[in-house]
Amino acid sequence: MASILIYLVIGLPWIGALLVWLAGDKRTTVQHILAILFSVASGIAAVALLFNTSSTTVINLDAGGVFGQFTFVADGLAVFLAVVATVIGSLAVIFSVDYMHGEKSLGRYYAMVLFFIGGMAGLVLTSNLLLMFFFWEITALCSYALIAFHNDDPKAVAGGIKALIITQLGGVGLLAGALLLFSQTGSYDFNRMIADPGIIDPRILSGMAFGCLVAAAAKSAQFPFQTWLPDAMEAPTPISALIHAATMVNAGVYLLARFFPAFKGVPGWTTAVILVGMISAILTAIMALVANDLKRVLAYSTVSQLGYMVFAIGCGGVYASQFHLFSHSIFKALLFLAAGAVIHSVGTRDMRQMGALGKQMPLTRFVFVIGSLALAGIPVLNGFWSKELVLEAGLQHGPIWAYAFMLLSAGLTAFYTFRMVYMVFYGKPSSEKHVHDAQPAMKVALIPLAAGALLSWLLAGPFSSLLHNSLPAHEIHAITTTEVLMEVLAAPATYIALAVVALGLIAWWQRQHLGGVAHAFRWLTAAAENSFGFEAVNAGIVRLTLGAAQKLRTTQTGLLNWNIAGLLIAFIAVILILVVRG
Amino acid sequence: MTTIPYIDMLTVMIVFGIGLYTLLITRNLIKVVIALQILVKAGMIALVLAGRINGQVMTGQSIALTVIVADTIVAVIALALAVQVKKHHGTVDLDKLRNLKG
């Protein structure tokens, strides 16, 4: 049963991608319907898979030769992420019906989205590290193609190429990890390594651990690779919601969570993970404070929240990090899609040109506020419970300075979230333009997500038993929802965090009186607006590469005689080496 | 232990050297084709020689025959291209044929 469902979850979107492409751009209605049908069917298959979880390998395809066995496992972590990918994927596809209405080359758009959904499901469901690398690259390719979807816009193309190059760095790390695993164990199946990390030479294991950290940081846009995600916001908004908030950027967190039992013994690894998460969370929270582009604010907050998840893994809180991932993918997809509805009707992404949209877009305002409250960590919404779990894990197992920084960024999160909501929906209107509320298909996508943001924390108990039952090596305890809630409510950390969040809100409320503080921190503002110099570093690397290429170009004379001379010199060198070495 | 027939070895080296030297100094497309032919001839002799040293005379000679066939086709096509190049560009000087260089 589980094996058929896995084939369906991965295969249905791919078949759909092919059919949408074959339908042709002249039959747009057929394309919309096909895309919705296949993505929703895949979502249903993934949900059905939730009831068939196990920790054993369910599919074992013999790929022959060095490729070994292509194995798929339906354990809790994998199935949960497959559900997130396919369900949020189908909601994003439904949203696209209105958002992408009238766009050219819809076939390319839907084919890439469906190809991505299948690839993402494959990435999390496989237990073969080489196959995971293939799926990893498929998601990177789709991400690139969809960021650069408006390929007549140079900014979009540049953003796409930037994302592709930076995530490739991670891909190389993953490939190296796969080859090291094969050289040590003779198979690409990583579950054996997770069950018993001792089978691998400690030095090799250390290399793999840090390689995986680089791969995860590049994919999840963590420090020092965080620069690609804000530029990826040139993509159509449903893509930002699906790929750059809810699924693909979580692949890095998934990788760290998956390998945590194997790597936690590596000296220095958990500290490095904590540092990466902490720096990402705090830096991007500050950048979100000064950004004026609605989608960029959301992108910075995505990096910041992913930083929380990475931090939680570093502190040993795999359950907390995955629960926050779950909450985050719901409320951030909601925020992005609601922002998409706003952008679609206002026609700009600059928040300074919005304002007082709330009256004209009541439903969008309602769901956006729900998403924002969840992002800020206000009680009862799902973001509150999961963020408290992360912070509690940090207080119990992490260094106290890291915890302090995470608390600070929780306060900053509340501050920039309210700034964003205020600038978009309240305050003074900046234009007399009439805007319309979300359209029908958009509402169909927004309302389930809003309900999810309100209620998904009720699943905390079943979620923990799902992970507990099928992940023997991760040492996750099965607890009921009530126990989770009591634990959060009884912990003093919760009230500290709430106090910090409230401070953030008060700071926003009293912002006129804080002019002096803002003045004192203007150097920080300037630095944040320049993305703390990371863009300069990127530009420097690009300049260096191009300069080196220009210099090396002179060696390519294209003259036959020079080439022959080069061949001859190399030939003589080889002969000499052979003679000297006997 | 088979002794290596030095005179054959020397022939291979000399013929190969002539071909390489021609490639090194010529700029004429026709001469380049001829030089490549000379290089391949050296390769054929080397194949026959290798067969003899290995004790697999038949294999060496049959591969050499195959190379002759393939090499003839290469020569014919290369010369035909050279004729077309001359027709289009009016020259067979390689230094002047640089349109493809970026």
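**Domains, helix crossing and core in a predicted model**

In this predicted model, the centres of domain 1 of chain A and domain 2 of chain A, taken over C-alpha atoms, are separated by 43 Å. Domain 1 covers 2–529 and domain 2 covers 537–580.

Q: Why are H3(A) and H19(A) called oblique to each other?
A: The axes of helix H3 (residues 76–99) and helix H19 (residues 460–470) of chain A cross at roughly 135°. Angles of 65 to 115 degrees count as roughly perpendicular and those over 145 as roughly antiparallel. The crossing falls in neither range, nor under 35 degrees, and the pair is therefore oblique.

Q: What makes the contact of H3(A) with H19(A), by class?
A: H3(A) contributes Gly76(A), Leu77(A) and Phe80(A), while H19(A) contributes Leu466(A), Leu467(A), Asn469(A) and Ser470(A). By class these are four nonpolar, three polar and no charged residues. Gly76(A) is among the polar ones because Gly is counted as polar.

Q: How do you know that Leu334(A) touches Val367(A)?
A: A contact requires C-beta atoms, placed from the backbone, within 7 Å. Leu334(A) meets this criterion with Val367(A), and also with Gly371(A), Leu446(A), Leu449(A), Ala450(A) and Ala453(A), residues up to four places away in sequence not being counted.

Q: Which residues have the most contacts inside the largest nonpolar core?
A: Among them are Leu334(A), Leu337(A) and Met406(A), in a core of 216 residues. Membership requires a residue to be buried, with 20 or more other C-beta atoms within 10 Å of its own.

Q: What makes up the side of chain A that touches chain B?
A: Chain A gives seven residues to the contact and chain B nine. Those of chain A divide into five nonpolar, two polar and no charged.

Methods:
Residues are numbered from 1 along each chain as its sequence is written. Chains are lettered from A and ligands numbered from 1 in the order in which they are written. This is a predicted model: local features need pLDDT of at least 70, side-chain atom pairs count only at pLDDT 80 or more; totals for chains, interfaces and linings use all residues. Axes are lines fitted to C-alpha atoms, for helices over the stretch in contact, and angles run from 0 to 180 degrees between N-to-C directions. Helices (H or I, at least four residues) and strands (E, at least two) are DSSP runs, numbered from the N terminus. Two residues are in contact if their C-beta atoms, placed from the backbone, lie within 7 Å. Domain bounds come from an automatic or database domain assignment. A nonpolar core is a set of buried Ala, Val, Leu, Ile, Met, Phe, Trp, Tyr and Cys residues joined through C-beta atoms within 7 Å. A residue is buried if 20 or more other C-beta atoms lie within 10 Å of its own, exposed if 12 or fewer, and partly exposed in between; C-beta atoms are placed from the backbone.
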